[in-house]
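User: Please take a close look at one part of this model for me. I work at the bench, so keep the sentences short.

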Amino acid sequence: MQDKSFYKEFSEGVKFFFDQNFKIDISENLFIFLEIIAWIAILFILDFVLRAIILPLLKKLRNFTENDWLKFLYKNKVFVSSIHLLPISFALSMNVILFESEGSIFHLVQRITQLIFLIVFTQLIFRVINTIIDVYNEENSYTTIGVRTFGQMLKFVITFFAIISGIMILFTVDKNTIITVLGALTAAVLLIFRDAIFGFVSGLQISYSKIVKVGDWITVSKGDIEGTVKEININLVKIEKFDKSIATVPTVDLVTSQVTNHMAMLATGTRQIKRSVSFNVNSFQFCNEEMLNRFEDITLIHQYIQQKRQEISIYNQNIQNSDLDINGKNLTNIGVFRIYVEHYLKSLKTVSLNDPIIVKQLPVSPLGMPLEIGCFTTSASNLEFERIQSDIFDHLLTACRKFDLEIMQSISLSDIKKL
């Protein structure tokens, strides 16, 4: 009896108790099964007790502090996984004592326990990585992208080695054999993780070069996608378009294709208007006295018309046949309208005077002569910008009629009826 361990004596005592009091002769296999069930129950109870004691304390500590690390460690259940490891580690050391006399049973229980330990430990690492990513997401900086892609790449690597370790535990495969097989399958492994590797490298490039970050308004030339970046991970970038739909593009596209980031423009509080109106060149003409008198009544160009009429009158005094409009100097209706547009834009409070205001003619085409208007609004928000732009062109498209100009457009049935 002195050579027997306490657990062995306790087991024999349990068997004797059931045999004497309940006349139940427990077989060896049944007793081992009951041993395992009881041992699992003890471990669950131990885990429950530890969580019931430790977690409430950590929750109170989290509520009393503003530390982001503690908040996200608790949110991602890092402490729960850490507590799970304690009973499992205890089981690994106690299995030798409990099942040392049961050779095959001991190896089975020990392997299952090691596999559970591997799964919980891998889960713990994943949750720590998620915590690090969440902390940097709070900053929402360009570093966040690098941390996120590095963390996701690390998950791929950890998952791969966890699977290899699981195979070694279950099938008792020698690590040298595993390394030899992996060496032979290097090309296949690289092919499997090709997209992850490309995404990881692209994420680091985006982080280093500070191209985009979550929350930026961007336009991706490939696919002509425009919207707000919602998420950047190792494989995909999620972009919420202005119609609230979600578009996904490979992360590598942010590096290999043209990407326009509009955040610098938003930071200035201004936004560019660059749009043209095409006029029928057949409506262009020199201004006669009647037209100049009409134009002089327009407040915005009143002084301009007076000044030009004086300059033209003085200049044309020495010109022969100056009564012919092609001789000497003369104003044109399109030229006067161009000056009117410049003065009109400068009179608007919604147009920035600190930025260039350009009204220029574009090359003539079969669709007429475009007059391009370029300026900056004093608001960068989409709704306000579209309102300002619409108001400007509503006015100009209507005002051009006062200058006897015709807008180029397809002839409609109503136009034919008028003819």
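What is the order of the strands in the open sheet of five strands, and is the pairing parallel or antiparallel? Carry on from there to the other sheet and the helices beside it.

Analyst: A caution before the details: this is a predicted model. The five strands run in the order S4-S3-S2-S1-S5. Their pairing is antiparallel, and the sheet is open.

The edges come next. They are S4 (246–250) and S5 (259–261). Each has a single partner strand, so one side of each has no neighbour in the sheet. From one strand to the next, the twist averages 40°.

Look at the S4 edge. Its pairing with S3 (residues 236–241) is antiparallel and spans five bridges. One bridge to find on screen joins Glu-240 to Ile-246 in S4.

Now the other sheet. This one is also open, with three strands in the order S6-S8-S7. Its pairing is antiparallel. S6 (271–279) and S7 (358–361) are the edge strands, and each pairs on one side only. Neighbouring strands here are turned by 15° against each other on average, direction ignored. Between S6 and S8 (residues 369–377) there are nine bridges, in the antiparallel sense. Arg-275 has Ile-373 in S8 as its bridge partner.

A helix lies on this sheet. H15 lies across S6 and S8, and runs at about 25° to S6.

H15 also meets another helix. General background helps here: two packed helices are described by the angle between their axes and the distance between the axes. The axes of H14 (residues 333–347) and H15 (residues 382–399) come within 12 Å and cross at roughly 150°. An angle over 145° counts as roughly antiparallel, so H14 is roughly antiparallel to H15. The crossing is right-handed.

Which side chains meet? H14 brings Phe-337, Tyr-340, Val-341, Tyr-344 and Leu-345 to the contact. H15 brings Asp-391, Ile-392, His-395, Leu-396 and Ala-399. By class, the contact has eight nonpolar residues, one polar and one charged.

Two of the H14 residues deserve a second look. Phe-337 and Tyr-340 are three residues apart in H14, and therefore about one helical turn separates them. Aromatic pairs in the model come to eight. Phe-337 and Tyr-340 form an aromatic pair, with ring centres 6.3 Å apart and 25° between the planes. Planes under 30° apart count as stacked, so this pair is stacked. Both residues also belong to the contact of H14 with H15.

Definitions and conventions: Residues are numbered from 1 along each chain as its sequence is written. This is a predicted model: local features need pLDDT of at least 70, side-chain atom pairs count only at pLDDT 80 or more; totals for chains, interfaces and linings use all residues. Side-chain values use heavy atoms; hydrogens and water are left out. Axes are lines fitted to C-alpha atoms, for helices over the stretch in contact, and angles run from 0 to 180 degrees between N-to-C directions. Helices (H or I, at least four residues) and strands (E, at least two) are DSSP runs, numbered from the N terminus. Angles under 35 degrees count as roughly parallel, over 145 as roughly antiparallel, 65 to 115 as roughly perpendicular and the rest as oblique. A crossing is left-handed if the near helix is turned anticlockwise from the far one by less than a right angle, and right-handed if clockwise. Contact means heavy atoms within 4.5 Å. Ala, Val, Leu, Ile, Met, Phe, Trp, Tyr, Cys and Pro count as nonpolar, Asp, Glu, Lys and Arg as charged, and the others, Gly among them, as polar. Two strands pair if DSSP finds at least two bridges between them. Rings of Phe, Tyr and Trp (its six-membered ring) pair if their centres lie within 6.5 Å; planes under 30 degrees apart count as stacked, over 60 as edge-to-face and the rest as tilted.
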